[in-house]
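User: Please take a close look at one part of this model and describe it in plain words. I would like to know how covered it is and what it pairs with.

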Amino acid sequence: MTRGRDGGAGAPPTKHRALLAAIVTLIVAISAAIYAGASADDGSRDHALHAGGRLPRGDAAPASTGAWVGAWATAPAAAEPGTETTGLAGRSVRNVVHTSVGGTGARITLSNLYGQSPLTVTHASIALAAGPDTAAAIADTMRRLTFGGSARVIIPAGGQVMSDTARLAIPYGANVLVTTYSPIPSGPVTYHPQARQTSYLADGDRTADVTAVAYTTPTPYWRYLTALDVLSHEADGTVVAFGDSITDGARSQSDANHRWTDVLAARLHEAAGDGRDTPRYSVVNEGISGNRLLTSRPGRPADNPSGLSRFQRDVLERTNVKAVVVVLGVNDVLNSPELADRDAILTGLRTLVDRAHARGLRVVGATITPFGGYGGYTEARETMRQEVNEEIRSGRVFDTVVDFDKALRDPYDPRRMRSDYDSGDHLHPGDKGYARMGAVIDLAALKGAAPVKA
């Protein structure tokens, strides 16, 4: 691991860096303005909105105390095609999510970020799944969720809501079922398309069903649900993994929880129980497949918003976040002109670090992994990747560095991923590659406050 962010040899000239910083600041400001115009709420507000106005928080105290941490999260990534006019009115959406930490109470966040009309949820529930590949629940764990004391909640277009606390014992590594029902047309649906987890749909209001009989439609998406927090004795903070498809777990085995973030969560859970001086953190995954650091896709709000524009929502506003692992840049390199300047990417990464430091967060940054043999590979892009990685390794970008490039590359051809780590497309790791990534992160590097500026 490399420490420090001081200037030195290899850094861009001061005037050049100042110009790039100004450009990045302008990009962030424009993106934030667009996003704010479309969003009626942000993740720092843990209240529900109803037709009559703002309701008070519903954090009814569970039977025990602890720290609120993120047990699972995902980034709202886009508007689901084909749901523009009616959304999923008349259907129950049963999201299946996997916990990175246990707790004694739970609350969820629902998002209507991409909706163009209010989303009315009349019933919502939470339960533990009866098995690893089923929509069935353990009967005595089914809980009705409320929002400000009411089972009904209206989420404005662009907004989000947090539920009241449900008293439910949730273990580490559990599959949790979060079900919502909306009888009123509303669209498009806010979703995360690359879940690598099977969820389910049913006709009618089946939110309280403990059997899987009605849930006849499996789906590879997460819809509306963006966070599950738990009141935990196992952790006292949250690590956010912030990245693209390699963090999202693209091409990993579905329903197996083989993303590198799952491996990291398992290591933290194990270390917390053996008395080692490692942080007691949960892990949440804020990866979006295809995500770029600098550029968003079209839309208002943008589909697949840039890392710079979504950092506030997906990192700074997560529950009790203590550290962030940034794994971004490969899509910027792959979509750049042949001779693009590396410094725009580096300035963007430094901007994320500065914003994290302003909130006291520690930042671990990853080198860009090899993609030799992938369709977008060129020698110019490989040179650019190597230049960005050289600066990251120097310690002038992040607080500490995890060298995913070194961990995955073929020692005989460092432009390529090692064959047994490669999923086969020469860009994304397979399950063995993701396991390697999760294993090389220094747990101790996640601990500690952001460095104080001199």
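Analyst: The description below follows one strand, from its covering to its partners.

This is a predicted model, in which local features need pLDDT of at least 70, side-chain atom pairs count only at pLDDT 80 or more, and totals for chains, interfaces and linings use all residues. Residues are numbered from 1 along each chain as its sequence is written, and side-chain values use heavy atoms, with hydrogens and water left out.

The part is strand E6, residues 103-111; a strand here is a DSSP run of at least two residues, numbered from the N terminus. Of the nine residues in E6, eight are buried, so the strand is mostly covered; buried means under 20% relative accessible area, with a 1.4 Å probe and protein chains only.

Next come the partners of E6. Two strands pair if DSSP finds at least two bridges between them. E6 pairs with strand E18, residues 225-232, through six bridges, and the sense is antiparallel. Within this pairing, Arg-107 has Asp-229 of E18 as its bridge partner.

E6 is also joined to strand E12, residues 166-170, by three bridges, again antiparallel. Here Gly-105 is placed opposite Arg-167 of E12.

Strand E11, residues 160-162, is another antiparallel partner of E6, with three bridges between them. Leu-110 faces Val-161 of E11 across this pairing.

As background, side chains in a regular strand alternate between the two faces of the sheet.

Technical notes: Buried < 20%, exposed > 50% of the residue type's maximum accessible area, 1.4 Å probe, protein only. Helix = DSSP H or I, 4+ residues; strand = E, 2+ residues; numbered from the N terminus.
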